[in-house]
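Grab your viewer and let's work through a few exercises on packing, pairing and a ligand shell. Try each task yourself before reading its solution.

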Amino acid sequence: IFPGEEKAWKDALKSNEQQLTNDVKDVNAQISRHVEFTLSRQPFNVDELAMYQASALSVRDKLVHNWNKTQTAHTEKKVKRVYYFSLEFLLGRAYDNALLNLDIKQSYDESLKQLGFSLEDVLDVERDMGLGNGGLGRLAACYLDSTSTCGIPAWGYTLRYSNGIFKQVLSSKGDQVEIPDPWLESGNPFEVPRLDAAVEIKLYGQASRGENGKAGTWTGGTDILAVPYDIPIPGFRATATNTVRAWRSRGKVSFDLAAFNAGAYDAAVREAEEAETITRVLYPSENHEAGKTLRLKQQYFWTAASLHDICRRFRKLREPWSAFPDYVAVQLNDTHPTLAIPELLRILVDEEGQEWDEAWSIVRRTFFYTCHTLMPEALETWSVDLVGWLLPRHLQIIYDINFHFLADVERKFPGDRARLARMSLIEEGSPKRVRMSHLAVIGSHKVNGVAELHSELVQSQLFPDFVEYLGRDHFTNVTNGITARRWLYQCNPALSTLITKALGSEHWVTHLDELKKLQKFAKNEAFKKEWAAAKQVNRNRLCDYIESTTELKVNRKALIDIQVKRIHEYKRQSLNILGVIYRYLQLKKMSPEERKRVVPRLSVFGGKAAPGYYMAKLTIRLITAVSKVLNADEEIREFLNVAFLADYSVSLAEILIPASDISEHISTAGTEASGTSNMKFLLNGGLLLGTVDGANVELGQAAGEENCFFFGVLEPDVRELRLRHQAGQAQYPPQLLEVVDALRSGQFSAGEGDLFEPLLSTIFNGDFYLLSDDFLSYLEAQKMVDAAFVDTSSWVEKCINTTACMGRFSSDRAVQQYAEEIWNVEPVDISQ
Ligand code: TH1
């Protein structure tokens, strides 16, 4: 395996390894080497950014070392790998995570001190890898973290957007303004470009079918380069280091010399420009179909490049194609990568000479599909004309799949035309559209939802025909999980230290069920004191952040109630803020004496609205408007204040989550597939205020209903209530009307009484998200929160017992469940 002299190589590599030690003196040398040689700088002109780059590169060296070992072991052992296809990987920052996972944070802290910097400040220089919108992208990041820690051979495949999720700022009026996020501006020390592994991807052109299931062709069109950039994902205290491979699009001929010589400079660059546009920006819509041509190009570009990579790796094994599913499991993160299904068929039939039936069987054993939503507006369909124009061969293949599929449905359910129409991959109409979820369901070996309730609804509401046709076993549930490394160990040192001290070791960080043992401390007064003290450290950190980034002055003893997530009507930030207004109106009616008996509160909101989502943006305006009024009200603000924190991100979540007393997960029953921040808040000893929806249900079962605050209508009643609204038979509680009157009076909009009318009118026209039905029980639940919070001792007990029960929500559990029940992939010990 070594070119040249084996001994020369081995000695050289050994010496490299010896240089990676973690004594402070060695770390100094490693960092200064990057300052001098990589950055080509001298000590006197090292600023914080340069120190971040040099020291992060020295950390990367250590990651790369483990990474190479991992990849070599996987290759040598010919393991089966899982490939996680996700258009979003919301990784956040990498530096602190790497320091903690490699257990070298202390050395770096000391080293940077000696070199004249503060580690904390240097860590703060890093920009978030914001390659995602919300829960779906963050889930992918947590899952890759867990595969590394659990030793499961895995690759994440995604796009390297040069602009991640936009930066959110607030205008002086309190409206969301979007600013681009060119996060790569000053480079990314945590990625490795693999220019040699670039692949060509075709778009447009002409296609022809082969005769009776034989190879077809796809010619002409435009070829674009896909260049991979690799990001190492380290396991906790483990050598195993998996990869997120992110593709960047480039023009194949970056420059057309003929056109240039002919004086057409524009034309010379245009083609390259167009190619690069594919990975220029992440679509900022969450749980909503983007529906744009560029988005379809992104989806194909990414899945085709990734499959190309996977097939290349497979060919090296010299196995027959029938063995492909023994080495490859591809998890489709929602329908966004569904084009991988016809693409693999195309490779097998057109390029590898496989018969159609055999190829289809390989495909169906390779793919697995996770469904993340029930929202009709998020279900992807693409117009047949668009698919045919961009991917002519794939459209033929999709039609052929559909032909065989419908023939089979007809055999099973003869004469049921309505069923055929419902199940077809093609939605008839003008234009005709390809239903991506149907393709994903029949092209996969298993389909899973992301929480128990959601998986039930996936079967009963979304795909009932497919359950009948494919059988129940085709559908399953894997409840989402989160990584305790980032979401407790890293973001909450105060609580982590306390837990480690109580449990006697850090074993819990990789075996989260161990937290159960905290239960025996739940009545220990000394422990409870320390628990409360840790919470106060985190509240103070958040309050400092709020006071340094907003105009607000906050009461540090107030109950902190947080709702942070994408702004959506279904997530009902509006219910929360209307509740705040109600509380304000009541406080205004009280005497100063009465007010002192009320639990003081700080309501914190954060989240981005899709740029084109009017109602979500108006909700932000409402929250910021209420915040201004409360903060200006000197007699009230110490009892009730509202903060809208701009630019919610992974890094901001790391400050917010440890600080909460209560967090709100209050979607209309049956609309939130799972939610994952709910798990993070509870893991950090915050209590849940929520509806009976998504993973809240299982969180409640685990933590005990006595430790949660549930309210609201149940999913089975939603349909009936909506009908009642449509029939104009709904009741509006006086408490809600009081709030509505206040809003209409202009009290929260400088006299502009109709500013929030569009929002209010949704409540009085159909009230699709059932605000009026849940308002009273929401207020009741908030009352219970107040009552419980007053009894500090029993409150802390609830918090401890909640954290203790969060083991099941570890992403380690989730990926192990996927590995065993879905992927059939085994963990690999790479030390031998
Ligand atoms: C989210 C779901 O809304 C959330 O409930 C769930 O916890 C999370 O996925 C992880 O499973 C979704 N995000 C998106 C984003 C897009 C399309 C659909 C969904 S569902 C772009």
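Below are four exercises, each with a worked solution.

Some ground rules come first. Residues are numbered from 1 along each chain as its sequence is written. The model is predicted, so local features need pLDDT of at least 70 and side-chain atom pairs count only at pLDDT 80 or more, while totals for chains, interfaces and linings use all residues.

**Exercise 1. Describe how helix H2 packs on helix H5.**

Solution. Start by finding the elements: H2 covers residues 24-38 and H5 covers residues 105-115. (Helices are DSSP runs of H or I with at least four residues, strands are runs of E with at least two, and both are numbered from the N terminus.)

Next, get the geometry. The axes lie 9 Å apart and the packing angle is about 65°. (Axes are lines fitted to C-alpha atoms, for helices over the stretch in contact, and angles run from 0 to 180 degrees between N-to-C directions.) The crossing of H2 over H5 is right-handed, a label that applies if the near helix is turned clockwise from the far one by less than a right angle.

Now list the contacts, meaning C-beta atoms, placed from the backbone, within 7 Å. H2 brings Val24, Val27, Asn28 and Ile31, and H5 answers with Ser107, Tyr108, Glu110, Ser111, Gln114 and Leu115. By class, that contact has five nonpolar residues, four polar and one charged. (Ala, Val, Leu, Ile, Met, Phe, Trp, Tyr, Cys and Pro are nonpolar; Asp, Glu, Lys and Arg are charged; the others, Gly among them, are polar.)

**Exercise 2. Trace the pairings of strand S11 (residues 222-234).**

Solution. Pairing requires at least two bridges found by DSSP between two strands. Take the partners in turn:

- S7 (residues 192-193) is joined to S11 by two bridges, antiparallel, with Pro193 opposite Tyr229.
- S8 (residues 199-203) has five bridges to S11, also antiparallel, and Leu203 has Thr222 as its bridge partner.
- S12 (residues 241-251) runs antiparallel to S11 with 11 bridges, one partnership being Val227 with Arg248.

Finish at the turn: the S11-S12 hairpin has six residues between the strands, and Arg237 there takes a positive phi near 55°.

**Exercise 3. Which strands stand at the edges of the six-strand parallel sheet, and what lies across strands S23, S24 and S25?**

Solution. First write the order of this open sheet: S22-S21-S20-S23-S24-S25. Then look at the ends: S22 (640-645) and S25 (709-711) each have a single partner strand, so one side of each is left without a neighbour in the sheet. On average, neighbouring strands are turned by 20° against each other, direction ignored.

For the register, S21 (residues 601-606) and S22 share six bridges, and Val604 is partnered with Ala643. Last step: helix H28 (residues 696-703) lies across S23 (662-665), S24 (687-691) and S25, running at about 140° to S24.

**Exercise 4. How many residues surround the ligand, and which domains supply them?**

Solution. Count residues whose C-beta atom, placed from the backbone, lies within 6 Å of the ligand. You get 19, the closest being Gly135, Leu136, His372, Ala673 and Ser674. Sorted by class, the shell has five nonpolar residues, 11 polar and three charged. Now map the shell onto domains: at least three residues come from each of domain 2 (78-93 + 128-479 + 817-823) and domain 3 (484-809). Those bounds come from an automatic or database domain assignment.

How values were computed:
Contact = placed C-beta atoms within 7 Å. Near = placed C-beta within 6 Å.
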